[in-house]
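Reader: I'm new to this and would like a close look at one part: how a pair of helices packs together. Could you start there and then walk me outward through the rest?

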Amino acid sequence: MCGIVGYIGRNNPKEILLAGLKNLEYRGYDSAGIALKNEENVQIIKSIGKISALEEKINDIELINANMGIAHTRWATHGKVTLENAHPHQAGYITVVHNGIIENANELKENLVKEGISFYSDTDTEVIAAIINKFYCESKNIFKAISKALNILKGSYALGILVSDIDKVYAVRKNSPLIVGVGKDEYFIASDIAAIINYTNRYILLDEDEICELSFKGVEVSKDGMIVEKDVLTTDLISEDTSKGKYEHFMLKEIMEEPNVFTKTLEKYLNNPDLLIDLNKYEEIHIVACGSAMYAGMVGKYLLEEVADIKVDVECASEYRYKKVFYNKKTLVILISQSGETADTIAAMRKAKENGIDTLAIVNVKTSTIAREALYKLFIEAGAEIAVATTKAYLLQVLVLSLLTVNTAYKKNLVNLDALDEVKKLPMMLDEVLKRSADYQKIADTIYENEDIFFIGRGIDYAISMEGSLKLKEVAYIHSEAYQAGELKHGTISLIEDNMPVFAIITDEKNKDKTLSNVIEVKSRGAKVIVITSEDDLEKFDYEIIVPKVNKLFQSMLIVPVLQLIAYYTALKRNCEIDKPKNLAKSVTVE
Ligand code: G6P
């Protein structure tokens, strides 16, 4: 949510900051801004809309000859999308870019206004700038000023800071990601390594409330006035991961990468089965996540309960963190998150830890907060996922949950390991499924003008339906709902009209006939039925996609890519901004 990039060094900061912002645009994209600095001046340029609009503006302006700067792409929280509210914000000596939310900003602002300080925006960020500036004017010591400000700010922040009369860049973070990139005679800050991967693959992880000072000579991290020694780490991300390659959109590229990342993740766990912890020592599991990660968890629930005979509850993290949760000593909390930075999922993890409960994270970004704080971690090998709507990461989350299920069930003698022979064939089958784009385009052609769509399924097929429905909402802006097929008749069926698309997901053999009866119910009320199934002997309806039949442990992973591609082609027909859907952000680091 929002992207930060900062630079100090021998090269032109303008180019580096703009390139960084473009790589971060998926984190927020309603406005953007840049602050350039040299010994004499700080120059701020902001613009509404995409980074390209900022770039155009910058190209029309005479720029100062700068050697450092900070930049930001915004996903509005405090204050509307206006030029005034776009970052960077400046108060006196201090210029800041900020990700996160300051919860006591209004209270702090009122006090500052009483002291005679004026504000020009509605943002909490300007309050941060004003407070640091106030303390800096008092002491002329930037470390003291930043520390004092951090002591009174409540909430989350990643900050890039320029000080008019100091030729350095400062960075701090709390509950919001920020890394420090280490190049050759040049240093960076970024909310995501993707922003700077074209310049360096070496980075430092900042811990909460450490202050990082970046100068032309290097990087120094301190906490409470004491220097902290930090390890310089290396990422295996490569710059190709952050470009679209031959594809028109990241979403399509990432769906097409599924067979490869599936193989990579599968091999890792087949070669190191000990990584998969034995869930049998737990009596119950809470899976907690947001969005698609939660729907991956729903698939996991059906697998773990039915195949491994272990009780699982799935909860959305924004509810879980505040509700009364009944734990016992044998509860395990599984957190699922692509980014590892989703604020609600982090809070849910910390709640479990505070209650002395074991936590297991299924996560993609290895440097993330969740990856660092969970007791056990199972990484998926999705690489960089740039499109806001997740595709390949979702698939791998389900893969890891399936492998955990096999592992747990095997130890209880509930399955034999033959199932694993089948999962090895999945990448090839996935390839086949992904090739059938003409079939998916045909379905997109028939649904793209509808404004309401239903997805129905029972059992695990209901869990799959939820992800299919979410994808369509996210990228094609079509209202759609996923329903348990048997529940439809209790009210919702009144909404079925002539020609309304109803997707029926049918893979669960024991429920297949029941779901088919529900399909007939909607069909007889005029619905246009699209069946996505692994069964090849079903009655024919309007449209049908049949995927190869595999063990139920892995079946959903052949169905969901079909739904992802249908959502993609539908969004394409509707001319939607596929990779950056309106109002959404990839990594939701605020509540
Ligand atoms: C956002 C994204 C979703 C994602 C969810 C959880 O809403 O748009 O695609 O599923 O966050 O993100 P996480 O990084 O925790 O998996």
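**Helix 7 and its partner**

Author: Let's start with helix 7 and helix 12 (residues 392–411), which pack at an angle of about 30°, their axes 10 Å apart. Anything under 35 degrees counts as roughly parallel, so helix 7 and helix 12 are roughly parallel to each other. Keep in mind that this is a predicted model. The crossing where helix 7 passes helix 12 is right-handed.

Now zoom in on who touches whom. From helix 7 come E258, V261, F262, T265, L266 and Y269, and from helix 12 come K392, L395, L396, L399, V400 and L403. Sort the residues of this contact by class and you get nine nonpolar, one polar and two charged.

Stay with helix 7 for a moment, since the largest pocket involves it too. Helix 7 (258–271) supplies at least two residues of the lining of that pocket, and so does strand 11 (202–205). Helix 7 in fact gives the most to the lining, with three residues. How much space lies in the largest pocket? About 880 Å³. There are 44 residues lining this pocket, and the closest to its centre are L237, N364, V365, G383 and A384. The class mix reads quite unlike a list of one kind: the lining has 15 nonpolar, 13 polar and 16 charged residues.

Strand 11 leads us to a backbone detail worth finding on your screen. In the loop between strand 11 and strand 12 (211–214) you'll come across D209. D209 isn't a glycine, and yet its phi is positive, about 65°. While you're hunting for backbone details, look at P88 as well, in the loop between strand 4 (68–74) and strand 5 (89–91). The peptide bond that joins H87 and P88 is cis, with omega about 0°.

Back to helix pairs, so you can set others beside the one we began with. Take helix 1 (residues 13–24) and helix 2 (residues 51–59): they pack at an angle of about 165°, with axes 10 Å apart. That angle makes helix 1 roughly antiparallel to helix 2. Their crossing is left-handed. On the helix 1 side, K14, L18, L21 and K22 do the touching, and they meet I51, L54, E55, I58 and N59 in helix 2. By class, the residues of this contact split into five nonpolar, one polar and three charged.

Next up are helix 3 (residues 105–114) and helix 4 (residues 124–139). Their axes come within 10 Å and cross at roughly 50°. How do helix 3 and helix 4 lie to each other, then? They are oblique, because an angle like that falls outside the parallel, antiparallel and perpendicular ranges. Helix 3 passes helix 4 in a left-handed crossing. In this contact, A105, L108, K109 and L112 belong to helix 3, while D124, V127, A130, I131 and K134 belong to helix 4. Sorted by class, there are six nonpolar, no polar and three charged residues here.

One last stop is the enclosed spaces. How many cavities of 30 Å³ or more are there? The count comes to two. Let's peek into the second largest, which has a volume of about 30 Å³. Its lining is made up of F455, G468, L472, F503, L563, I566 and A567. Two elements give two or more residues to that lining, namely helix 16 (460–476) and helix 18 (556–573). The largest share, three residues, comes from helix 18. By class, the lining of this cavity has six nonpolar, one polar and no charged residues.

If you'd like to retrace the route, go back to helix 7: one part of its story is the roughly parallel packing with helix 12, and another is the three residues it gives to the lining of the largest pocket.

Methods. Residues numbered from 1 in each chain as written. Predicted model: local features only at pLDDT ≥ 70, side-chain atom pairs only at ≥ 80, totals over all residues. Heavy atoms only, no water. 1 Å grid on protein atoms, 1.4 Å probe; cavity = no way out; pocket = protein on both sides within 12 Å on 5 of 7 lines; lining within 4 Å. Points joined across faces, edges and corners; volume = space filled by probe spheres on them. Helix = DSSP H or I, 4+ residues; strand = E, 2+ residues; numbered from the N terminus. Nonpolar A, V, L, I, M, F, W, Y, C, P; charged D, E, K, R; others polar. Axes fitted to C-alpha atoms, helices over the stretch in contact; angles between N-to-C directions. Parallel < 35°, antiparallel > 145°, perpendicular 65-115°, else oblique. Left-handed = near helix turned anticlockwise from the far one by under 90°. Contact = heavy atoms within 4.5 Å.
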